[in-house]
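Trainee: I am new to this structure and would like to know the reasons behind the labels.
Mentor: Then ask about them in turn.

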Amino acid sequence: MKKYINLFTLIIIASIVFVVTSALFAQDVQAVNQTETMVSTPHDTFAEYFASLAGLAALTLTATQWFKKGLEALKIVLQGTVAGLLSWVVALLLCAVGFFFNIGILAGVQWYFIIVYGLAVGLISNGLFSLEHVKVFLGAIKLLPKAEK
């Protein structure tokens, strides 16, 4: 009986984790100009990641895993704190790319938004805060992107 209770508990926890993470990445992206014909290109798909903090967090997770696999091919294995730091660096770099190419929520903002949004995306992608916590914090200091309101 104890085995079944442990299994049932594990299934409940896995279900809750799946629902919470699915809700985090299931956000709408608002169209900027609806008069244009919507043709999906790789550039458009890449730019959609920059439309929200959740999209940037998802892109950060993907890029971090890509970098980790590349480093593993070079016989460099990252674990623990170093892997977390790599995720923070990737988040900051992606925000810098979005700022310099005027993509998504980073288009037309001041330079220090790279740091603020990079830290926010790092918090989300490392699992330290949920998207809602970060939105409340950014809203309190009046740095919440227009697409996120």
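**Labels and their cut-offs**

Trainee: Why is V97 called partly exposed?
Mentor: The relative accessibility of V97 is 31%. Buried means under 20% relative accessible area, exposed means over 50%, and partly exposed is in between, with a 1.4 Å probe and protein chains only. V97 at 31% therefore counts as partly exposed.

Trainee: What kind of model is this?
Mentor: It is a predicted model, in which local features need pLDDT of at least 70 and side-chain atom pairs count only at pLDDT 80 or more, while totals for chains, interfaces and linings use all residues. Residues are numbered from 1 along each chain as its sequence is written, and side-chain values use heavy atoms, leaving out hydrogens and water.

Trainee: Where does V97 lie?
Mentor: V97 is in helix α4, residues 81-100; helices are DSSP runs (H or I, at least four residues), numbered from the N terminus.

Trainee: Why is K75 called exposed?
Mentor: K75 has a relative accessible area of 73%, so K75 counts as exposed. K75 is in the loop between α3 (53-73) and α4.

Trainee: What is notable about phi of K75?
Mentor: Phi of K75 is near 65°, a positive value in a residue other than glycine. Most residues other than glycine have a negative phi. N102 also has a positive phi, near 50°, and is placed in the loop between α4 and α5 (113-125).

Trainee: Which residues does L138 touch, beyond those up to four places away in sequence?
Mentor: L138 touches L53, V116, Y117, A120, L143 and L144, where contact means heavy atoms within 4.5 Å.

How values were computed
Helix = DSSP H or I, 4+ residues; strand = E, 2+ residues; numbered from the N terminus.
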